[in-house]
Amino acid sequence: MFFGQFYATHYASMGAENRKNLRASVIGLMGDKRQEVSVSATAAFSCVLATLSEKEIGELVDIYGALAAKSIRRKGKMTIAQARSCAVLAAAILTKPYDVPSFVPVAIEALAPHTFSKNAPANVRDIVTKTISEFKRTHSDNWSFWRMKFSAVQLEALDDCTSTSASYYA
């Protein structure tokens with residue numbers, strides 16, 4: 001939480017390079033094996049995302065979506081990159097709880113394979129499940145409108161994330 005409060009408090013006085021370095025530090029901590037560290041870093045990252053434009057968040061989603069895809073293809077244990085990339089994508093999805101900017105369907109599509117991945121640990125699957133559940137909760141009232149922002153592949157990815165539970169969108 002310290003990083004998030006520090007970032008929010010000093011945002012205006014920091015130069016672009018310092019903001020970028022602090023953002024990288026927080027993202028680095030999001031993949032920490034200690035759950036209390038990664039959870040705190042993820043909360044701090046939400047403060048960081050609040051200061052970014054939709055274009056900047058979209059660029060982060062593209063970068064970490066590619067990392068997430070690369071990490072799921074690896075055999076064996078989960079990598080720190082997988083935990084970090086999933087946490088970044090989850091935070092991006094939850095940034096706009098009552099809107100669906102163009103980066104949200106992309107982030108959901110990138111997160112979906114981690115839901116049932118054999119090499120994804122429970123904490124990564126938990127991040128994905130909680131994020132998708134929260135997304136569905138905040139978008140269920142106007143789903144017929146929000147649905148149009150998703151491609152068929154992205155809708156299938158969203159359904160894959162929730163295939164074991166009852167769908168809000170049936």
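A residue counts as buried when its relative accessible area is under 20%. C86 has a relative accessible area of 0%, so C86 is buried. I start there because that cut-off of under 20% for buried residues comes back several times in this talk.

What you have in front of you is a predicted model. The protein chain has 170 residues, and buried residues make up 42% of them. As for secondary structure, there are nine helices and zero strands. Reading along the sequence therefore gives you α nine times over, with the pattern α-α-α-α-α-α-α-α-α. Of the contacts in the chain with a separation of 6 or more, 66% are between residues 24 or more positions apart.

Back to the cysteines for a moment. C161 has a relative accessibility of 8%, so C161 counts as buried too. How many disulfides does a search of the whole structure find? The answer is zero.

Now the helix that C86 touches. C86 belongs to helix α5, which spans residues 80-95, and α5 packs against helix α6 at an angle of about 145°, with the axes 9 Å apart. The crossing of α5 past α6 is left-handed. On the α5 side, the contact uses C86, L89, A90, A92 and I93. On the α6 side, you will find F103, V104, A107, I108, A110 and L111. By residue class, the contact of α5 with α6 has eleven nonpolar residues, no polar ones and no charged ones.

Helix α6 itself covers residues 103-111 and is mostly covered. Seven of the nine residues in α6 are buried. They are F103, V104, P105, A107, I108, A110 and L111.

The second helix pair is α2 with α3. Helix α2 is residues 16-30 and helix α3 is residues 35-50. Their axes come within 7 Å and cross at roughly 145°. Here again the crossing is left-handed, with α2 passing α3. From α2, the residues that meet the partner are R23, V26, I27, L29 and M30. From α3, they are V37, S38, A41, T42, A44, F45 and V48. What classes do the residues of this contact of α2 with α3 divide into? Nine are nonpolar, two are polar and one is charged.

One more residue in α3 is Q35. Is Q35 buried or exposed? Q35 has a relative accessible area of 55%, and exposed means over 50%, so Q35 is exposed. Q35 and N123 are 88 residues apart in sequence, yet their C-alpha atoms are 8.4 Å apart in space.

Last, the aromatic rings. A pair of rings is described by the distance of the centres and the angle of the planes. The structure holds four aromatic pairs, and I will go through two.

The pair of F135 and W143 is edge-to-face, at 6.4 Å centre to centre and with 90° between the planes. Both F135 and W143 are buried.

The other pair is F145 with W146. Why is this pair edge-to-face? The planes are at 65°, and over 60 degrees counts as edge-to-face. The centres of these two rings are 4.9 Å apart. F145 has a relative accessible area of 44%, so F145 is partly exposed. W146 has 9% relative accessibility, so W146 counts as buried.

Ring pairs also link F135, W143 and F150 into a cluster.

To go over it once more: nine helices and zero strands, a left-handed crossing of α5 past α6, another of α2 past α3, four aromatic pairs and zero disulfides.

Definitions and conventions:
Residues are numbered from 1 along each chain as its sequence is written. This is a predicted model: local features need pLDDT of at least 70, side-chain atom pairs count only at pLDDT 80 or more; totals for chains, interfaces and linings use all residues. Side-chain values use heavy atoms; hydrogens and water are left out. Axes are lines fitted to C-alpha atoms, for helices over the stretch in contact, and angles run from 0 to 180 degrees between N-to-C directions. Helices (H or I, at least four residues) and strands (E, at least two) are DSSP runs, numbered from the N terminus. A crossing is left-handed if the near helix is turned anticlockwise from the far one by less than a right angle, and right-handed if clockwise. Contact means heavy atoms within 4.5 Å. Ala, Val, Leu, Ile, Met, Phe, Trp, Tyr, Cys and Pro count as nonpolar, Asp, Glu, Lys and Arg as charged, and the others, Gly among them, as polar. Rings of Phe, Tyr and Trp (its six-membered ring) pair if their centres lie within 6.5 Å; planes under 30 degrees apart count as stacked, over 60 as edge-to-face and the rest as tilted. Buried means under 20% relative accessible area, exposed over 50%, partly exposed in between (1.4 Å probe, protein chains only). A disulfide is a pair of cysteine sulfur atoms within 2.5 Å.
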